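Could you walk me through this structure in my viewer, one selection at a time? I am new to it and would like to know what to click and what I will find there.

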Amino acid sequence: MLRDGAVLVDFSSNDYLGLSRHPLLAQRSAEWALAHGAGSAASRLVTGTQPLHLAVEEKIARFKGKEAALLFPSGWHCNAAVLAALLRAAPGAALFTDRLIHGSLHAGAAAHRQIRFRHNDLGHLAELLARAEGPKIIVTESVFSMDGDRADVAALADVARAHDAFLYVDEAHATGVLGPQGRGLTHGLDVDLVMGTFSKALGCMGAYVAGSRLLIDYLVNACGGFIFSTAPSPAMLGAIDAALDLVPDMEAERAVLADHGAFFRESLKGAGIATADSSTQIVPVIVGDAGAALALAQDLGAQGMLAVAIRPPTVPPGTSRLRVALHANHARADVAALAQAIAARIGR
């Protein structure tokens with residue numbers, strides 16, 4: 001990528017499958033814009049809903065194995081609006097959240113008390129659930145954006161059912177990458193509501209939630225972020241539609257991506273560099289000091305590699321890092337060069 005006039009190998013964007021530059025997404029986006037207009041011109045409940053919106057939502061629902069789905073302009077918008085709507089439907093509910101959930105979910109829960117369980121600690125969650133009375137809602141992610149580790153979604157669903165709790169899982173960083181045909185870690189499991197984005201592995205823009213028809217109908221009529229937002233444009237829908245056609249058949253790319261992750265983690269481990277509990281295409285290079293993380297990112301940039309430093313408040317104090325996001329279209333030589341450059345700077 002080109003940054004400040006320099007060509008850099010991108011290790012920071014979320015374009016995990018390289019679809020943002022795929023010609024089919026650009027072609028269908030342009031075709032749908034030419035055929036249906038540059039914008040939707042209104043919110044969905046006024047005149048903004050076109051047959052295109054309904055067709056893409058049906059396609060998303062099939063992809064996720066759910067009865068229905070609903071489109072949103074962005075992942076932040078989706079999480080903040082949907083979670084707030086769920087909590088309004090159950091004002092006395094006990095809300096249980098993993099300690100490392102995304103800021104957009106915290107925004108959705110801003111008016112509600114959170115009971116936060118230790119990260120990916122389902123035993124702790126079960127203890128907390130056992131003490132609660134009345135409606136219960138659990139919110140977590142399947143892949144965590146800063147650590148690159150996974151929730152045990154199958155076990156989490158079992159805990160939710162055992163305690164009669166509603167389960168909402170954010171699949172932003174798993175959609176397209178993990179699960180059968182890239183359908184995510186929730187696919188085939190008893191999860192009440194699944195959220196995901198198109199702006200990461202699917203290479204375009206927007207987000208969705210998928211669940212029962214009854215639940216999606218409720219959100220259509222009660223989710224302010226849906227009701228009062230202009231409908232997604234035809235161009236955006238065309239790109240989403242094309243990505244959904246491509247992703248199920250990208251097993252080779254997913255295998256390359258997984259292999260890149262394993263290779264990179266092993267290379268850093270050999271140099272004594274911590275990568276938290278990463279098991280995905282997201283690999284944190286834990287530096288600790290914010291200044292040291294910034295200096296490392298600057299040094300890598302001078303060597304032609306873009307790996308952005310992440311500092312508090314995005315991550316806890318003392319855990320500043322490079323958040324390395326690997327792509328299926330990275331050359332192995334580039335991944336190896338990144339590992340070697342990091343090891344030379346901060347390895348033991």
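Here is a tour in short stops, each with something to select and something to look for. Keep in mind along the way that this is a predicted model.

**Stop 1: helix 1 and helix 10**

Begin by selecting helix 1, residues 23-36, and then add helix 10, residues 234-246. Two packed helices are described by the angle between their axes and the distance between the axes. For helix 1 and helix 10, the axes come within 7 Å and cross at roughly 145 degrees. The crossing of this pair is right-handed. Now show side chains. On the helix 1 side, the contact is made by Leu24, Leu25, Arg28, Ser29, Trp32, Ala33 and His36. Helix 10 contributes Pro234, Ala235, Leu237, Gly238, Ala239, Asp241, Ala242, Ala243, Asp245 and Leu246. If you colour the contact of helix 1 with helix 10 by residue class, you will find 11 nonpolar, 3 polar and 3 charged residues.

While you are here, click alanine 30, which is also in helix 1. Alanine 30 is partly exposed, with a relative accessible area of 38%. Draw a distance from its C-alpha atom to that of glycine 238: the two are separated by 7.6 Å, although their positions lie 208 residues apart along the chain.

**Stop 2: helix 3 and helix 10**

Keep helix 10 selected, hide helix 1 and bring up helix 3, residues 51-64. How do the axes of helix 3 and helix 10 cross? They come within 10 Å and cross at roughly 30 degrees. With the limit for this description set at 35 degrees, helix 3 and helix 10 are therefore roughly parallel to each other. Helix 3 passes helix 10 in a left-handed crossing.

For the side chains, select Leu52, His53, Val56, Lys59, Ile60 and Phe63 in helix 3. Their partners in helix 10 are Pro234, Leu237, Ile240, Asp241, Leu244 and Asp245. By class, the contact of helix 3 with helix 10 holds 8 nonpolar residues, 1 polar and 3 charged.

**Stop 3: helix 7, inside and outside**

Next, select residues 153-162, which form helix 7. Which residues of helix 7 are buried? They are Val153, Leu156, Ala157, Val159 and Ala160. Turn the view so that you look down the axis of helix 7: the buried residues fall within an arc of 160 degrees, so they line one face of the helix. An α-helix has 3.6 residues a turn, so residues three or four places apart point the same way. On the other side of helix 7, look for Asp158 and Ala162, which are exposed.

To see what covers the buried residues of helix 7, switch on helix 6 (122-131), strand 7 (136-141) and strand 8 (166-170), which are among the covering elements. Then follow the chain past the end of helix 7 to aspartate 164, where phi is positive, near 50 degrees.

**Stop 4: phenylalanine 144**

Step back to the loop between strand 7 and helix 7 and click phenylalanine 144. Is phenylalanine 144 buried or exposed? At 1% relative accessibility, it counts as buried. Show its surroundings: not counting residues up to four places away in sequence, phenylalanine 144 touches Asp98, Leu100, Ile101, His119, Asn120, Asp149, Ala151 and Ile282. Its C-alpha atom is separated by 9.1 Å from that of aspartate 170, 26 residues apart along the chain.

**Stop 5: backbone details in the loops**

One of those neighbours, asparagine 120, makes a handy next click. Asparagine 120 lies in the loop between strand 6 (114-117) and helix 6. Its phi is near 60 degrees, a positive value in a residue other than glycine. Asparagine 120 is partly exposed, with a relative accessible area of 27%.

Glutamine 181 is in the loop between strand 8 and strand 9 (193-197). Glutamine 181 has a positive phi of about 55 degrees, although it is not a glycine. With a relative accessible area of 31%, glutamine 181 is partly exposed.

For the last loop, go to proline 313, between strand 13 (309-310) and strand 14 (320-325). The peptide bond from proline 312 to proline 313 is cis, with omega near 10 degrees.

**Stop 6: histidine 77**

Finish at helix 4, residues 75-89, and select histidine 77. Histidine 77 counts as partly exposed, at 23% relative accessibility. Leaving aside its neighbours within four places in sequence, histidine 77 is in contact with Phe72, Gly225 and Ser229.

Conventions. Residues are numbered from 1 along each chain as its sequence is written. This is a predicted model: local features need pLDDT of at least 70, side-chain atom pairs count only at pLDDT 80 or more; totals for chains, interfaces and linings use all residues. Side-chain values use heavy atoms; hydrogens and water are left out. Axes are lines fitted to C-alpha atoms, for helices over the stretch in contact, and angles run from 0 to 180 degrees between N-to-C directions. Helices (H or I, at least four residues) and strands (E, at least two) are DSSP runs, numbered from the N terminus. Angles under 35 degrees count as roughly parallel, over 145 as roughly antiparallel, 65 to 115 as roughly perpendicular and the rest as oblique. A crossing is left-handed if the near helix is turned anticlockwise from the far one by less than a right angle, and right-handed if clockwise. Contact means heavy atoms within 4.5 Å. Ala, Val, Leu, Ile, Met, Phe, Trp, Tyr, Cys and Pro count as nonpolar, Asp, Glu, Lys and Arg as charged, and the others, Gly among them, as polar. Buried means under 20% relative accessible area, exposed over 50%, partly exposed in between (1.4 Å probe, protein chains only). The arc is that of the directions from the helix axis to the C-beta atoms.
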